[in-house]
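Q: Please examine one chain of this model closely, covering its overall form and its contacts with the other chains. Please then set beside it the sheets found elsewhere in the model.

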Amino acid sequence: MSDRAKTVLLHGGLLALLFALQFMLPAYHHGNLARVMVLASYAIGFNVLFGYTGLLSLGHAMFFAAGMYGMGLAVQVFDAAPALALVAGAGAGLVVSGVVGMLALRTAGVAFMIVTLMFAQAGYLTILYFGSYTRGDEGFVIQQAQRILWGIDLSDPTNRYFAAFALFASCLLITLWLVRAPFGKVLIAIRENEERAMMLGYDVFAHKLAAVIVSGTIAAMAGAVYGLLFGYVGASFASVQYSIFPLLWVLLGGAGTILGPFIGTLFMFYLIDLSSGITTAYMLVAGVALVALTLFAPQGLAGAVRKRIWRGLP
Amino acid sequence: MEIGPYLMLASLEGAVTAAVLALTAVGLSLVFGVMRVVNVAHGEFFMLGAVLAWWITSLIGGHPALGFAVALLVVPVLVGLLAAAADMTVLKRVAYDPERTIVATIGILYILQQVTLMTYGADARPVEPPFNTRLALPWVEFVGGKLQLYWPWGLSTTSYKLAVIGAAAGVLLGVWWGMTRTKVGLLMRATQMDRDMALAFGIPVERVYALVFGLGAGLAAMAAVLIVPIQQAHYLMGGDPLLLSFIVVIIGGLGSLPGTVVAAILIGLSDGIISVFFSPTLAKILATLLVALVLVFRPQGLFGVRRA
Amino acid sequence: MTLLSTRGLSKRFAGLHAVENVDFDLPQGQVRALIGPNGAGKTTFVSLLCGRIAPTQGTVIFDGRDISRLPAHKRINLGMAYTFQITSVFANLTVTENVALAARRRLRGMAMVQATEQALAQVGLEGRLDQNAGDLSYGHQRLLEIAMGLVQHPRLLILDEPTQGLADSEIEGFMALIRSLAGHTTILLVEHNMSVVMQAADQITVLNFGQILAQGSPDEIRADRAVQAAYLGTG
Amino acid sequence: MTNDSGKPSTTTRRGALKTLAAGAGAASLPLWARYAQAQTSEPIRIGFQVHRTGIGAAYGRWYDRTTTAAVDMINAAGGINGRMVEILAEDDGTDPKRGAEVVEKFANQHNCDIGFGTLFSHVVIGSAPRAGELKLPYFVVSEGHHVASGMLNRYTLQPGITDVKSQVQAMAPFVSQNLGKKVTMIFPDFAFGHDHRDYFTAAIQEQGGEVVAQIAIPPTETSFTKYFPKIPRETEVVYHVMVGPAVLTFVKELGEFFGPSRPEMFGFIDSLEAVDMASPGLEFLEGTYFWEGNPRYAQTDQSEYDKLYRTAVGVDENGASVGDPKDISTYAHMFGCWETLYVIKAGMEAAGYQGPADRAKLIEAVEAITDMPHSNEHPQGTKLFNGKTHQVFGPQYISRVTDGKLIVVHTTSIEDTMYPDEVDYTTQPL
């Protein structure tokens, strides 16, 4: 079987499975999977930058929150329709990631991590500062009546699942196409050897900036959809913890793989959900997972598959 | 309050912040300088210092000064040993790769925080200061063309706060002396300048790394022991010192100890004084952005000496 | 016609004059060798040409255009190609993908695939297409570097110590390759191996202490006393 | 069983010492394990959303103890409609995202009849939309104004604790008549603090007073003295409210700032909730005033109801854990759990609640409740429930620190806490 056929089969298979699960899962897991698909889209966005371009951002929550607040404030303050609000969310992510990228990409390595962390912290405080619009830490509700997209009530579980599925499928397919396209191959080249990529004539800065923007906009889209599907916009989504989560998910699933973010998000979600029944300190699980991954499996679950079973795994 | 006494009070408060911050940040800076890694778990070593100080003072009882003195001696050593163990079991095994170290120390951060939650609990607990007298301070004013002293409302500090400043200055002098005048300090500086050369000269680099990592954490813990009679020990208290230390270390130049101390004093003092003029939350936003922009536009100057 | 020239090109590192005031002209179609003792500033000089490092002073003119202020990738896009002295391949990517990355800037689809295969065949790596570049022997990585240069069909190919670490048979192949390119590709060859230089180069430029010491045909250079002195360390 | 201070889930000071000393990381048992008593076939399952971790954990621990005590008492008296009550507790990490997930878990995984219990406003606001969609009656004990403001939905109710708007506006008459007209407010710079700022500023103006300065303190702040010089000299009353782990530092530094010559002080007990009044550095509070949701110290005229409630939860006359006098309860808030559970009981009994199919009936039954007399079920005082706004109204206590104890000097009337309706949830479909 050719690589292309295997790729189509694998990713198409996953999407078909997720589509079919809609009709089989019990309500609780049905709801969880919808949530996981939105969060996995966030992780997919993070992975474009971290996994494929080799840039580790510790401030992705600011993009997620930019989308969430871009959408939420459009609805809350300007009474926008959901479709327009989603566009506003994506637009906010585009602008924020563009500006942050222009500045942060002047640094590299550890400095890039710290700069993104600092920008994200400033973003978090800004949300609190403009409390008269954002309701600060408390956040606000997107009412059910404001969540009807083209006549589809997104608060209905079935519709929510399909909306989450649509977001996830588009993010997955877009990134799959992207990393197999020349643009994505250049990103990988930059990850592997930035100077060599430059000396092959590629505009490294422009490619990295594009990667930040694609990554940030996908994260923002996930944030906007999250707010719309679950009816809440709040500052906690902009906090440091929500910048660490996608890193954790992507590392667990396999950085630089298309399926890794989904696998990691799903795995971590259930790990926390199950361990919270055993210990109150369930974030301990996250800590142990991070240390263990760094020590024993830096390539993650899908990364191990790529190493041992199929080298062509995109 | 008039602007004069106000600035004096802000400076006094800022000096306490600066003293504790300098100790914490010097620990972080030392680790970056010698080992070239960023320790994200640094704030949790600070938190552990405060929690262990509470534990020891509670166990000992008696006069508060007794338990506090024991804590001041024992806690930094305990935390330092723990950090050295983390260095040898985790950081050494990722070969001090800068990015993997950050991820691993984020993991260590959660582990320390959550284990503290499971054992110590979620409450904020106070430690009694060994001594604490309120000292009202005078200010001068012109009355009928003559200078005279008066006692403005609220212009005061406490004996303990002054002691914190003194103790921190003493410890920092000790660190400076250790780095410049002792053989261990020489080994550290040699390792900092050129790891490979140090290895070639038979310096036990791995042991130096464990020592430095332990020392860095120990300094954070000592800062926490000093501050815990003023604040309280709480399992989530590590976040703020971490962020502030980052800011200080970046402004001062990563790896440069004098720069770090100067930056700590600058940040500590300005924190109080800026909030005179801006909304405090806005001041924090501006400070954070400033740090990001300093890193963006002046990275070489602020990262100390770059390696070729 | 002159393809590349520099005027007053200088680079100082903390007071050290790595390249000083170099005026250099390279006519189109020529194979030029750049030689000189260790530390003469050869790699610094070619790095200035392709923009890896910025000059302290002076101009670089390529195809009649002042490119001194252009970033490296734009210079490459004008038709330069550069192979690294210390091999710098994409170690975790396959041999094919390494060359394809170089080809893709110019070509797409089947044309890109063909050009890649052809370049790899030219350097004799056609049997190792799916290996990771990092798993190749050092000599093969050098050849891969050259293939990455060739596939760009550059107007100016800068080869920095291409034969270092190659076996004698591979050097033979390399010489044949250079000969096949001669005429339509201008080549700037930084080289230590004197027999390669003498056979391959039309003209030779000698650098010493960052300055041009001599320039001329292989025979002229061989006879030059100053060059001999520089190489023997008495100059 | 009334005293649960020895239970593994509650980390007392002594307990913490022991576990720290052992260095053991023993995790607490999940609640369901402790409640797995053999009872009648089908217990009523109440999902208890609790802050076990995160910034709200100190409150969560006492909400847990109060809930446990109330459920034990309800079960000992025969349960609800003859069925035992079972608590299924899940930690929400004081995080809105996890909060919403926990609500889903209650509805779809644990098959709970209702959800109950959470305190922090952002968790309530993040979780309530899901509760509304899942049609899971969601009883919050948060004192936020979010319920009565109309932001939430028909399935979210707050029948056990008054909201911040009521509390704050009821303080204004006492402050202006007894303490002074010129007030400086110090509050945290986020939504909870902004509610205090907005409601109190309006209320004191109505009383002819004024707010001369508003000092907002950023979240994550750990030292406070530098903000105090902004208190204008003309200030007659300092109004302070602070939350989070740094509250003791805040109050201590306030004392150190003023020394012997302080103005009148009026604080919300949130500034010292779960903090020992005997902590060193708090001596200056003698003679200052506090709002208390429920008096921490047993008063001389303590009601029988408070006595019973206090004993049941395991709190001594000073508001501390019976087992550990240094382990101070969150007495001003946690009664809300107790009272809410009894409102649930009353609602279920009135609705003849049989199972999840009767959830809508339960909502209607609770909406129909109006008067809640001072009783064992409502030990904090007589209350009035507004079915339209889903919010309860009740008395507020103002205490003066006397000999290191909080002595109630004024009790507001329910009328003082009332304000015009901002929403009518009963018009929303069920």
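A: **Chain B and its surroundings**

Within chain B, 75% of the contacts with a separation of 6 or more are made by residues 24 or more positions apart. The model to which this value belongs is a predicted one. Chain B contains twelve helices and six strands. Of its 308 residues, 56% count as buried. The C-alpha trace of chain B extends over about 75 × 50 × 35 Å along its principal axes. The radius of gyration of chain B is 20 Å; a compact globule of 308 residues would have a value near 19 Å, so the two agree.

The surroundings of chain B come next. Four pairs of chains are in contact, and among these pairs chains A and B share the most contacts. On this interface, 34 residues of chain B are in contact with 33 residues of chain A. On the chain B side, the elements that contribute two or more residues are helix 4 (98-119), helix 9 (239-252) and helix 11 (280-297) of chain B. Helix 4 of chain B supplies the largest share of that side, with 16 residues. Sorted by class, the side of chain B that touches chain A holds 26 nonpolar, four polar and four charged residues. Chain B does not touch chain C, and the nearest C-alpha atoms of these two chains are 12 Å apart. Chain C likewise does not touch chain D; here the nearest C-alpha atoms are 39 Å apart.

The sheets of chains C and D complete the account. In chain C, an open sheet of six strands follows the order 6-7-8-3-9-10, with mixed pairing. Its edges are formed by strand 6 (80-83) and strand 10 (211-216) of chain C; each has a single partner strand, so one side of each lacks a neighbour in the sheet. Neighbouring strands of this sheet are turned against each other by 15° on average, direction ignored. Within the sheet, strand 7 (residues 156-160) and strand 8 (residues 186-190) of chain C are paired in the parallel sense over five bridges. One position in this pairing is Leu156(C), which stands opposite Thr186(C) in strand 8 of chain C. Helix 5 (residues 138-150) of chain C packs on the sheet and touches strand 6 and strand 7 of chain C; the direction of helix 5 makes about 175° with that of strand 6 of chain C.

Chain D has an open sheet of seven strands in the order 7-6-8-9-10-16-17, with mixed pairing. Strand 7 (210-217) and strand 17 (405-411) of chain D are at the edges, and each has a single partner strand, so one side of each is left without a neighbour in the sheet. From one strand to the next, the twist averages 25°. Strand 16 (residues 397-402) and strand 17 of chain D run antiparallel and are joined by six bridges. Ile398(D) has His410(D), in strand 17 of chain D, as its bridge partner. Helix 7 (residues 191-206) of chain D packs on the sheet, where it touches strand 6 (182-188), strand 7 and strand 8 (237-240) of chain D; the direction of helix 7 makes about 165° with that of strand 6 of chain D.

Notes. Residues are numbered from 1 along each chain as its sequence is written. Chains are lettered from A and ligands numbered from 1 in the order in which they are written. This is a predicted model: local features need pLDDT of at least 70, side-chain atom pairs count only at pLDDT 80 or more; totals for chains, interfaces and linings use all residues. Two residues are in contact if their C-beta atoms, placed from the backbone, lie within 7 Å. Helices (H or I, at least four residues) and strands (E, at least two) are DSSP runs, numbered from the N terminus. Ala, Val, Leu, Ile, Met, Phe, Trp, Tyr, Cys and Pro count as nonpolar, Asp, Glu, Lys and Arg as charged, and the others, Gly among them, as polar. Two strands pair if DSSP finds at least two bridges between them. Axes are lines fitted to C-alpha atoms, for helices over the stretch in contact, and angles run from 0 to 180 degrees between N-to-C directions. The radius of gyration is taken over C-alpha atoms; the globule rule is 2.2 Å times the number of residues to the power 0.38. A residue is buried if 20 or more other C-beta atoms lie within 10 Å of its own, exposed if 12 or fewer, and partly exposed in between; C-beta atoms are placed from the backbone.
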